[in-house]
Amino acid sequence: MLHLLYYDDNKDPKLWLNCSSELPFLGNSCGMSCHLKCALRHGKCGIAKKGMDGSFFYMSCGNVNDLLSCPSVLEFEFLKDWEMGISKVGISNVSSSMVLNVLEVSRKFSLGPETLFRCIQRLKGLGFSDGTVTSVLEGFPTVIVMDENGLEERIEFWVGIGFDTKREVVRDPSVLWLELGELSRCLELLGSLKCRVPIKKKIYSEGAFRARIEVKRRVDCLCRYGLIRRDAFKVLWREPRAITYEIKDIEKKIEFLIHRMKFDVLWLVDVPEYLGVNFEKQIVPRYNVIEYLRSKGGLANEVGLKGLIKLSRLRFHILYVKSYPKCEIMFGRRC
């Protein structure tokens with residue numbers, strides 16, 4: 001992979017590029033090096049159009065370096081400790097992404113290669129294949145700082161309840177970080193849901209354990225925007241449709257609520273239905289109608305989030321749309 005030379009006898013070492021397979025890079029390389037200005041002038045290298053900022057690709061071999069996104073791992077003393085470490089990790093399919101992520105975490109927590117070795121042996125001892133271990137270290141490198149007993153306790157608990165550990169870990173390595181108590185609370189919420197059968201079937205479409213994971217992820221999402229965990233669980237219990245929606249869709253609705261509609265996130269506790277209705281077909285058109293009427297002085301009373309969301313389509317049309325041709329266009333037939 002292409003990277004800046006650590007040192008060079010010819011003037012400024014920061015201006016020299018080298019395509020190398022040495023630590024922290026893996027894979028094939030062409031071994032060529034050249035001055036950055038010359039490379040750019042003669043088309044021998046360039047800035048990668050895809051990937052992380054600060055990436056370079058070398059045109060003679062096509063290799064790409066994205067390590068500049070974490071320059072602290074290039075520190076000489078840190079790399080000395082890892083000089084021979086990566087080549088002896090004990091797994092057959094080490095990827096450059098895994099190396100970069102592991103080095104970044106190791107630098108952050110001042111860890112040496114022996115910590116990585118212990119983590120890999122622990123994961124393999126739990127029955128994970130080389131491919132699964134690589135996937136875990138790529139997607140969830142902080143696993144190397146996890147408590148050994150805590151990790152084994154989680155695995156044993158999941159196996160005991162019939163959880164396909166290997167499948168789920170490959171799919172989402174961050175499940176290794178889940179606290180058992182949190183999953184129990186998610187299970188309690190799922191068991192107490194009162195919703196239509198099609199919604200419940202969709203929630204459980206990938207099994208009971210995955211349903212708990214999805215509840216946990218949405219609770220975390222709501223908490224990132226300022227709700228306490230108790231309120232986040234309350235919102236999902238009252239509006240279980242939110243469990244079936246993608247996290248990005250929930251985030252889009254909350255962003256719109258806070259930044260465009262200027263409501264506090266706590267309104268979700270009072271009007272959790274906001275997360276269950278269609279964003280494009282109901283939330284946006286109704287908001288546009290109310291904003292238009294407000295700008296024209298056409299509102300006798302202020303309309304809150306409850307009035308915006310909970311009114312039936314017919315009732316909303318009668319109150320705010322019927323008498324205004326322009327509002328008819330905004331409202332359309334979508335709400």
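Of the contacts in the protein chain with a separation of 6 or more, 60% are between residues 24 or more positions apart. This is a predicted model, and its protein chain holds 18 helices and 6 strands. Of the 335 residues in the chain, 44% are buried. The accessible surface comes to about 18100 Å², and carbon and sulfur atoms account for 52% of that area.

Here is a short tour, topic by topic.

**Helix α5 and its cover**

- Helix α5 spans residues 130-139, and its buried residues are T132, V133, T134, V136 and L137.
- Among the elements that cover these buried residues are α3 (96-108), α4 (113-125) and α7 (165-171).
- One residue to look at in helix α7 is R167. Its relative accessible area is 45%, so R167 is partly exposed.
- R167 and T132 are 35 residues apart in sequence, and their C-alpha atoms lie 9.0 Å apart in space. T132 is one of the buried residues of α5.

**Salt bridges in helix α10**

- The chain has 12 salt bridges in the count.
- One of them joins R218 to E214, with 2.7 Å between the closest N and O atoms.
- Both partners sit in helix α10 (residues 208-224), 4 residues apart, which is about one turn of the helix.
- An α-helix has 3.6 residues a turn, so residues three or four places apart point the same way.
- R218 and E214 are both buried.
- The pair also belongs to a network of salt bridges that links R210, E214, R217 and R218.

**Salt bridges outside α10**

- K310 forms a salt bridge with E273, and the closest N and O atoms are 3.8 Å apart. This pair links distant parts of the chain, as K310 is in helix α16 and E273 is in the loop between α14 (267-270) and α15 (279-295), 37 residues apart.
- K310 has 39% relative accessibility, so K310 counts as partly exposed. E273 is partly exposed too, because its relative accessible area is 22% and the buried class ends under 20%.
- E302 and R294 make another salt bridge, with the closest N and O atoms 2.2 Å apart.
- E302 has a relative accessible area of 58%, so E302 is exposed. R294 has 33% relative accessibility and therefore counts as partly exposed.

**A positive patch on the surface**

- R185, R230, K234, R238 and K306 form a positive surface patch.
- Helix α11 (residues 229-238) gives the most to this patch, contributing 3 residues.
- R230, one of the patch residues, lies in helix α11. R230 counts as exposed because its relative accessibility is 59% and the exposed class begins over 50%.

**The loop around L311**

- L311 is found in the loop between α16 (305-310) and α17 (313-321).
- With 23% relative accessibility, L311 is above the 20% limit for buried residues and so counts as partly exposed.
- Leaving aside neighbours within four places in sequence, L311 is in contact with R286, K306, F316, L319 and Y320.
- Among these contacts is K306, which is also a member of the positive surface patch.

Methods
Residues numbered from 1 in each chain as written. Predicted model: local features only at pLDDT ≥ 70, side-chain atom pairs only at ≥ 80, totals over all residues. Heavy atoms only, no water. Buried < 20%, exposed > 50% of the residue type's maximum accessible area, 1.4 Å probe, protein only. Helix = DSSP H or I, 4+ residues; strand = E, 2+ residues; numbered from the N terminus. Contact = heavy atoms within 4.5 Å. Areas by Shrake-Rupley, 256 points an atom, 1.4 Å probe, with all protein chains shown as cover. Patch = residues over 30% accessible without salt bridge, like charges linked within 9 Å, V, L, I, M, F, W, Y side chains within 5 Å. Salt bridge = Lys/Arg side-chain N within 4 Å of Asp/Glu carboxyl O. Lys, Arg positive; Asp, Glu negative; His and termini not counted. Charge placed at Lys NZ, Arg CZ, Asp CG, Glu CD.
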